[in-house]
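User: I've got a sequence and a model open on my screen and want to go through the local details with you. Can we take them one at a time?

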Amino acid sequence: MSKLCLALVPLALVVGLRPAHADEGMWTFNSFPTARVATKYKFTPDARWLDHVRLSSARIAGGCSASFVSGQGLVLTNHHCAHECIEQVSSAQKDYVKNGFYARTPADELKCPAIELNQLVEISDVTARISKATKGLADKKYNDALKAEMTRIEKECQTSARFRCDVVTLYHGGAYNLYKYRRFQDVRLVFAPEFAIAFFGGDPDNFMFPRYDLDMSFLRVYEDGKPAATPEHFAWSPAGAKDGELTFVTGHPGGTSRHITIAELEYQRDHALPDRLFRIAEWRGILTEFQRRGPEQMRVSNELLFSLENGFKALKGRLDALQDKPFFASKVAEEQAVRAAIAKDPAKQKAYGGAFDAIAKAQARLKEIRIPYRQIEIGQAFASTYFDFARTLVRGAEERAKPNEKRLREYRESALPAVQQQLMSAAPIHDDLEIVNLSFSLSKMRELLGADHPFVRKVLGKQSPEELAARLVKGTKLRDLAVRKQLWDGGKAAVAASQDPFIQLVRVVDPDARALRKTVEDQIDPVFKKNHELLAKARLEIEGMGNYPDATFTLRLSYGQVKGYKSNGRFTKPFTDLAGAFARDTGRAPFALPP
């Protein structure tokens, strides 16, 4: 089971059949290949069965899958998916990450400060409506119309804050679905094992062979102060799975790129992935040194370091694949086959022939501005919770004053409940860690943009990154929830009057950030979106609808067999037992079983 939280699925459904071969695919619930499964496996996942599986599945906003496992809102997820909550409700005196947690009564369940959990209750196809709104448009007009129509659809859908509505792009623009979720923002911790067993095997086993860890936790969702009613849920199977059984796996894979162009894959291989890996590697080193300062420093930075190590291993796997010459050649051949199919049909050539070259030109333009864009607009220069708060307050005040369709997408009405939950989180903030992270990111900004870059001079002046980080963190009042609430409620006037150093920093840098974002959203994104839409239509005409769309962190269903596998000449059985963990125990982390 992968430890990448975006792709991880905590619960499998097993049907007692013995098919001949495993399968591949991450299918949406409204286009699941029921007939194909029925023909091959003599089991029919009908509409009622699919509805039950969909409603029994859950998503933790921000990057994880989960499952409802009782009628009273009990949720099973991975330990690393609950790790942030576990760390936030811990203290120096009660370290629930290290020692584990168990709520003996409902009153003992601890509220997670910043977790939102979603249950997908409805899917509808809005492709025709999106297509009508963008018909005949290109470039900025196309992108503006697309965003505006998506925002209108989401606003119409979200009848209260109890729901979340997202227009999901599928097949890179070949289809658009509206996903309506039941939103739970009162989420509480019920159980978590000790970190030593939840992550037994540590980074050496991560993504490779994590079969001896207890990577699980229980949460519970509440509504109106009471455990939420969840009549659709998965039941425990006393018998468990068997070798060869047909198995369904439900979850929210974060993202795949099976249908992006060679120009985009080359950009990922040669620039984006190496850049991200170098940054993570350096940041990981900084945090490792920070942890050596003492047990409290280790406790408050574990979740971030864990996340960075997870990310490094995931991204390195992507880079390794793209640097594998036979694999990359196969992707080139796939694209050439699509190009050839388009070229031999005059109608297709006229409609779709220029899409590959247009995307390549947009990719070249993005390459030119990628470093300032990621540093300034994406915010890599400012790795700080306080900066995130300040940007939310400054931009939120500006954007909420605009018509809903004209706002930045993250501040549309349907997104505001999630924005406010993060902004008003009571999670503790650790200033010494804030200073370390911000010092690192400011140093990287100066390194990557250059000491003479006007933006670097604007931010740092004559200060060192360490001096500026310490001044900002020590001077801010944004650690006070009441201050953040006053600024959010006060809107533009309150934010404009604020003397908080982080608010002042955001006001200084936001014009540069918005200018870069405008370049991307007006000149680059529209080209990607429009031409990927064209290529999606071309592929659908050439290949038909028999394939599943790339992953988009939306609910998918996969199926296949429980099977072992062969690697490096050795066969690995599909099951293990508790004795294997004891045999693997060395008494030294990360192979040390907790007492």
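User: Which residue marks the kink in helix H20?
Analyst: This is a predicted model, and in it helix H20 covers residues 501–543. The helix bends by about 45° shortly before the proline Pro 511. The kink itself lies at Val 509.

User: And which residue caps the N-terminal end of H20?
Analyst: Look for a side-chain oxygen that lies 3.0 Å from the backbone nitrogen of Phe 502. The residue that supplies this oxygen is Asp 500.

User: What phi does Gly 544 take?
Analyst: Gly 544 sits just after H20. Its phi is positive, at about 80°.

User: Asp 139 isn't a glycine, so what's its phi, and is the residue buried, partly exposed or exposed?
Analyst: Most residues other than glycine have a negative phi. Asp 139, in helix H6 (residues 139–157), has a positive one of about 55°. Its relative accessibility is 47%, and since the partly exposed class runs between 20% and 50%, Asp 139 counts as partly exposed.

User: Where is Phe 553, and is it buried or exposed?
Analyst: Phe 553 is in the loop between H20 and E14. It has a positive phi of about 55° although it is not a glycine. Its relative accessibility is 15%, and the limit for buried is under 20%, so Phe 553 counts as buried.

User: Which two residues does the cis peptide bond join?
Analyst: Most peptide bonds are trans. Here omega is about 5°, and the proline involved is found in the segment after helix H21 (578–584). The two residues are Ala 589 and Pro 590.

User: On to the rings: how many aromatic pairs are there, and why is Tyr 41 with Tyr 559 called edge-to-face?
Analyst: The structure holds 20 aromatic pairs. The ring centres of Tyr 41 and Tyr 559 are 6.1 Å apart and the planes are at 85°. Planes over 60 degrees apart count as edge-to-face, so that's the label for this pair: edge-to-face.

User: How many residues apart in sequence are the parts that this pair ties together?
Analyst: Tyr 41 lies in helix H1 (residues 34–41), while Tyr 559 lies in strand E14 (residues 556–561). Both are buried, with Tyr 41 at 4% relative accessibility and Tyr 559 at 7%. The parts they tie together are 518 residues apart in sequence.

User: What about Phe 199 and Phe 306: what's the angle of their planes, and where do they lie?
Analyst: Their ring centres are 4.6 Å apart and the planes are at 65°, so the pair is edge-to-face. Both residues are buried. Phe 199 lies in the loop between helix H7 (195–198) and helix H8 (202–205), and Phe 306 in helix H10 (residues 295–323).

User: Which residues form one aromatic cluster with Tyr 41 and Tyr 559?
Analyst: The cluster takes in those two tyrosines along with other aromatic residues. The others are Phe 32, Phe 43, Trp 49 and Phe 248.

User: Which ring does Arg 59 lie over, and which does Arg 284?
Analyst: Arg 59 is 4.4 Å from the centre of its ring, lying over the face of Tyr 181. Arg 284 is 4.5 Å from its ring centre, over the face of Phe 312.

User: Last one: over which residues is the pLDDT below 50?
Analyst: The protein chain averages a pLDDT of 93, and 96% of the residues score at least 70. One low stretch still has 54 contacts in the model beyond near neighbours in sequence, and that's residues 1–11. Another has 23 contacts beyond four places in sequence, and there the pLDDT stays under 50 over residues 16–22.

Terms used:
Residues are numbered from 1 along each chain as its sequence is written. Side-chain values use heavy atoms; hydrogens and water are left out. Rings of Phe, Tyr and Trp (its six-membered ring) pair if their centres lie within 6.5 Å; planes under 30 degrees apart count as stacked, over 60 as edge-to-face and the rest as tilted. Helices (H or I, at least four residues) and strands (E, at least two) are DSSP runs, numbered from the N terminus. Buried means under 20% relative accessible area, exposed over 50%, partly exposed in between (1.4 Å probe, protein chains only). A charge sits over a ring if NZ of Lys or CZ of Arg is within 6 Å of the ring centre and within 35 degrees of the ring normal. pLDDT is the predictor's confidence in each residue, from 0 to 100. Contact means heavy atoms within 4.5 Å. The bend at a residue is the angle between axes fitted to the seven residues ending there and the seven starting there. A polar contact is a pair of N or O atoms within 3.5 Å; within protein, one must be able to donate a hydrogen and the other to accept it, and residues adjacent in sequence count only if both atoms are side-chain atoms.
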